[in-house]
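Colleague: Before I rely on the terms in your description, I would like to hear what stands behind them. Could you take me through the reasoning, one term at a time?

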Amino acid sequence: MATRCIAHLDMDAFYVSVELRRRPELRRRPVIVAGTGPRAVVTTASYEARRYGVGSAMPAARARRLCPDGVYLAPDFPYYREASDQVMELVRASAPAIEVIGLDEAYLDLTGLPAPKAQMRALTIAIERDTGLGCSIGIGPSKLVAKVASDAEKPRGFVVLSREEACVRFRDARCGLIPGIGPK
């Protein structure tokens, strides 16, 4: 029986990256995609905005206090869905079994495929070439290891870990590293 090999693909700062495709003049600036209402939250922030402490799911009012000179853009979900469709078409062509999670991430079951790492490297190149967007890939023996690995070296990370390597690498990490576990 073949050892399980799972990849997790996570698009880097997806909504902001899609916005920067159509507004390249905003590159290298703190850009935040967020609604404008009193209960609005940040959809995503560029890596430049993250340096100010701005992050996804944060109240937009707090983001505006942390980064008053940021460029704030209203979300354009139809445009993001089009970009996601482009990416996921490439993802679907690269593995027989995939699970799409939202607009910007997917799990790929690479078990038994020849050269899975090379296939995922080729996928990242194809995504960037065909869409102008970057992604991070994590590869491991389970969804959990793959997901944690994909987040480990963003942006444009490519991390391959066995279960044992993941245990060593993340043994001192905060428990919030595990998807679904919050600060409380």
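Colleague: What makes β1 and β7 a pair of strands?

Modeller: This is a predicted model, and in it β1 and β7 are joined by 6 bridges in the antiparallel sense; since pairing asks for at least two bridges, the two strands count as paired. Along this pairing, Met11 stands opposite Cys135 in β7.

Colleague: Which sheet has the order that includes β1 and β7, and which strands are its edges?

Modeller: The sheet is an open one of 5 strands in the order β5-β6-β1-β7-β8, with mixed pairing. β5 and β8 are called edge strands because each of them pairs on one side only. Neighbouring strands in this sheet are turned against each other by 15 degrees on average, direction ignored.

Colleague: How do you know that β5 and β6 pair, and what lies between them?

Modeller: Strand β5 (residues 97-101) and strand β6 (residues 105-109) share 5 bridges in the antiparallel sense, where at least two are required, and Ile98 has Leu108 of β6 as its bridge partner. The two strands form a hairpin with 3 residues between them, and in the turn Gly102 has a positive phi of about 70 degrees.

Colleague: Why is Ser94 called buried, and where is its place?

Modeller: Ser94 is in the loop between α4 and β5. Its relative accessibility is 13% and the limit for buried is under 20%, so Ser94 counts as buried. Leaving aside residues up to four places away in sequence, Ser94 touches Leu108, Gln119, Met120 and Leu123.

Colleague: Why are α4 and α5 described as roughly antiparallel?

Modeller: Helix α4 (residues 77-92) and helix α5 (residues 116-131) pack at an angle of about 150 degrees, with their axes 10 Å apart. Angles over 145 degrees count as roughly antiparallel, and α4 and α5 are therefore given that description. The crossing of α4 past α5 is right-handed. On the α4 side the contact is made by Gln86, Val87, Leu90 and Val91, and on the α5 side by Leu123, Ala126, Ile127, Asp130 and Thr131; by class, these are 6 nonpolar, 2 polar and 1 charged residues.

Colleague: What covers the buried residues of helix α6?

Modeller: In α6 (residues 143-152), the buried residues are Val145, Ala146, Lys147, Val148, Ala149 and Ser150, and their cover includes β1, β6, β7, β8 and α7.

Colleague: Why are β3 and β4 called edges in the sheet of 3 strands?

Modeller: That open sheet has the order β3-β2-β4, and its pairing is mixed. β3 and β4 each have a single partner strand, so one side of each is left without a neighbour in the sheet. The twist from one strand to the next averages 25 degrees.

Colleague: What makes the pairing of this sheet mixed?

Modeller: β2 pairs with strand β4 (residues 71-73) in the parallel sense over 3 bridges, whereas the 3 bridges that join β2 to strand β3 (residues 42-45) belong to an antiparallel arrangement. Val33 takes part on both sides, standing opposite Leu73 in β4 and having Thr44 as its bridge partner in β3.

Colleague: Which way do the side chains of β2 point, and are they buried or exposed?

Modeller: In a regular strand the side chains alternate between the two faces of the sheet. In β2 (residues 31-34), Val31 and Val33 point one way, Ile32 and Ala34 point the other way, and all are buried. Helix α1 (residues 14-22) lies across β2, β3 and β4, running at about 115 degrees to β2.

Notes: Residues are numbered from 1 along each chain as its sequence is written. This is a predicted model: local features need pLDDT of at least 70, side-chain atom pairs count only at pLDDT 80 or more; totals for chains, interfaces and linings use all residues. Side-chain values use heavy atoms; hydrogens and water are left out. Buried means under 20% relative accessible area, exposed over 50%, partly exposed in between (1.4 Å probe, protein chains only). Helices (H or I, at least four residues) and strands (E, at least two) are DSSP runs, numbered from the N terminus. Axes are lines fitted to C-alpha atoms, for helices over the stretch in contact, and angles run from 0 to 180 degrees between N-to-C directions. Angles under 35 degrees count as roughly parallel, over 145 as roughly antiparallel, 65 to 115 as roughly perpendicular and the rest as oblique. A crossing is left-handed if the near helix is turned anticlockwise from the far one by less than a right angle, and right-handed if clockwise. Contact means heavy atoms within 4.5 Å. Ala, Val, Leu, Ile, Met, Phe, Trp, Tyr, Cys and Pro count as nonpolar, Asp, Glu, Lys and Arg as charged, and the others, Gly among them, as polar.
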